[in-house]
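Biologist: I should like to learn how charged contacts and enclosed spaces are read from a model. May we take them in turn?

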Amino acid sequence: MLSVRLNRYAAATAVALLLCVSAQAQQPATLATSGKPTTHQLKPTPATVAWGFYDAAAKPVLRIKSGDKVEVQTLITSSPTRLEGAGLPASQVEQSLRDIHQSVTNKGPGGHILTGPIYVEGAEPGDVLEVRIRKVELAIPYAYNAFGPTSGFLPEDFGYAKMRIIPLDNKRMVAHFAPGIEVPLRPFFGSMGVAPPPAAGRVNSAPPGIHAGNLDNKELVAGTTLFIPVHVAGALFEVGDGHAGQGNGEVDITALETSLTGTLEFIVRKDLHLTWPRAETPTHYISMGIDEDLTKATKIALREMLDFLMKEKGLSHDDAYMLASVAADMEITQLVDGTKGVHSMIPKKIFTGKATGKTK
């Protein structure tokens, strides 16, 4: 299967694991930029989206330099017909969504409409693409949640399809799920990834992997940073699957699905090498594990955390294991995307000074 092929590739080609560093720190080993960084704009049109895939052979729709920012817009993962069938007035369907559904024929195998790919000059296989998530905002005043008879974590209990349009309150930042139920909003892009290794071919946009992709990690809100291993020249970054909010697990297969706008800053890291994506928030370091088997995904995330603690914080293998047990939280990222996701979070505040290595 796809995830197995990607995991084998990762195991064969990995040179080291990511040293998770502060997204805000000035790193002398980052790729030097020439001139003042530029801010680009990228909106979804029939010519600027990849429908349902990540692919090393995809043609870039935008070329940028390391250090540049992109103000990007993404579209809701649904069709005008489905949205209107669930009760959304036709006037509220975005015209760009109609245009893309009418014009794009190069589709699949997945269902996400991803904006990109973006070519980042200087990015080469073995590098790391640091994606600083500067801003994420709602683009429309509604979201939807839906499940089907063959999807979600409990298909045996829900042998039918249902879809609900959910109003979003941008001022109060809550979703009006039902009378008396308001869900706080924490918008994030469910899918942010780069092209997989060329040997993988075109990969489905649904299962995440070593290329990141559909991570559905609700911690990746504005102010956080995602670190992704690069597999092809230019990285070929794509983004989409906007979520206004989500619970860990995303158990029925959808979150508060919506359209988003955001500002992303891209840094090519020549000093970092990794096998799996990692992330950093203002308060936590995050390692990730992905596999069809939940236990294996958990072990990957945990081993990635141990590696970080040893390489970045100077702990022994034993002490890293112990610290992870007393201070790191193992979280189920998602259970429904074909490959399951687990992430480990350790708070920054526990590191009160320079690590001294082994305990006495």
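Biologist: How many salt bridges does the count come to?

Modeller: A salt bridge is a side-chain nitrogen of Lys or Arg within 4 Å of a carboxyl oxygen of Asp or Glu. By this rule the count comes to 14. This is a predicted model, in which local features need pLDDT of at least 70 and side-chain atom pairs count only at pLDDT 80 or more, while totals for chains, interfaces and linings use all residues. Residues are numbered from 1 along each chain as its sequence is written, and side-chain values use heavy atoms, with hydrogens and water left out.

Biologist: Which residue forms a salt bridge with E130?

Modeller: The partner is R269, with the closest N and O atoms 2.6 Å apart. This pair links distant parts of the chain, 139 residues apart: E130 in strand β7 and R269 in strand β17 (strands are DSSP runs of E, at least two residues, numbered from the N terminus). Both E130 and R269 are buried (under 20% relative accessible area, with a 1.4 Å probe and protein chains only). E130 and R269 also belong to a network of salt bridges with R132, R134, E265 and D271.

Biologist: How is empty space found, and which residues line the largest cavity?

Modeller: Rolling a probe the size of a water molecule over the atoms shows where empty space is left. A cavity is a set of points on a 1 Å grid where a 1.4 Å probe fits but cannot get out, and lining residues have an atom within 4 Å of a point. Here the largest cavity holds about 50 Å³, lined by L215, N217, M288, G289, I290, T333, G341 and V342. Strand β19 supplies the largest share of this lining, three residues.

How values were computed:
1 Å grid on protein atoms, 1.4 Å probe; cavity = no way out; pocket = protein on both sides within 12 Å on 5 of 7 lines; lining within 4 Å. Points joined across faces, edges and corners; volume = space filled by probe spheres on them. Helix = DSSP H or I, 4+ residues; strand = E, 2+ residues; numbered from the N terminus. Buried < 20%, exposed > 50% of the residue type's maximum accessible area, 1.4 Å probe, protein only.
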